[in-house]
Amino acid sequence: MNRRPTLLAAITLTAAAALTLSACGGDSDPKDKDSDKIAGADTGKEKSPSPTASEEAAAGRPKIELPSDVKLTFTPEQASDAVKSAVLKDNAEFTRALNAAIVAQNPRLPALEYYTEGEGAAASEEWVKAFKDAGWTVTGTVRFFDRQVTVNSKDSASLSYCGDESKGFSKVIKTNEIKGSKVTKDSYIAYGAQVQKNKKGVWELVKISSTRGADRCQP
């Protein structure tokens, strides 16, 4: 059984921590079973207004498109607090950009670079490169849930959230072979991320960690 591997072994905690692929079922390599502490926080349940079209344009946000066979869902999408909502939105956009980069087989996809910085950018680029080198892409549906935000300062925040990859898989590009389909404890991943707001108001990923098979994310 081949679950989509986690991006953990190749990058040290101080260099980028762990970045688990956002859409794939199966078992990861034993060396990728390591885990890190996840930064957690609170989030509201009520929705707040989304940024206006003019605000989006002012930040120059890229348009991210995914193929019809790759679907990502995020719960909650917004929080009662406007800052937390902005963090959740940009975290979702980062995740979409990561998947788009994998599909495009482009570790330097502009959309991915837009939502990452420093160690987060290095981790993301290396993870996409790992897919490219293996000749793999992603397919299926991945659900991200229990998304919680802690605002540390006016330009710094942390997130914790879970990923359900029970319906998401890796796929060999040349043969269309699906890698791993059996649902196990490792189909569920806990994430922790640190983000910083840049001059454009974008909450960029600067660090991320993941724990595959985490108890807190089990159904």
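**Helix α2 and the disulfide of the predicted model**

Helix α2, which comprises the 23 residues 82–104, reaches 32 Å from its first C-alpha to its last, close to the 33 Å expected at 1.5 Å a residue. The model in which this helix is described is a predicted one. At the N-terminal end of α2, aspartate 81 acts as a cap, with a side-chain oxygen placed 2.9 Å from the backbone nitrogen of valine 83. Just after α2, glutamine 105 adopts a positive phi of about 55°, so that residues flanking the helix are described at both of its ends. The structure also holds one disulfide, which is formed by cysteine 162 and cysteine 217, with their sulfur atoms 2.0 Å apart. Cysteine 162 belongs to strand β5 (residues 156–172), whereas cysteine 217 lies in the segment after β8 (203–212), and the pair therefore ties together parts that are 55 residues apart in sequence. The link of cysteine 162 and cysteine 217 is left-handed, with -75° about the S-S bond, and cysteine 162 and cysteine 217 are both buried.

Confidence in the prediction was also examined along the chain. The average pLDDT of the chain is 80, and 73% of the residues score at least 70. Over residues 5–55, by contrast, pLDDT stays under 50, although the model has 172 contacts beyond four places in sequence for this stretch.

Note on methods: Residues numbered from 1 in each chain as written. Heavy atoms only, no water. Helix = DSSP H or I, 4+ residues; strand = E, 2+ residues; numbered from the N terminus. Expected span 1.5 Å × (residues − 1). Polar contact = N/O pair within 3.5 Å; in protein donor to acceptor, adjacent residues only side chain to side chain. pLDDT = per-residue confidence, 0-100. Contact = heavy atoms within 4.5 Å. Disulfide = S-S within 2.5 Å. Buried < 20%, exposed > 50% of the residue type's maximum accessible area, 1.4 Å probe, protein only.
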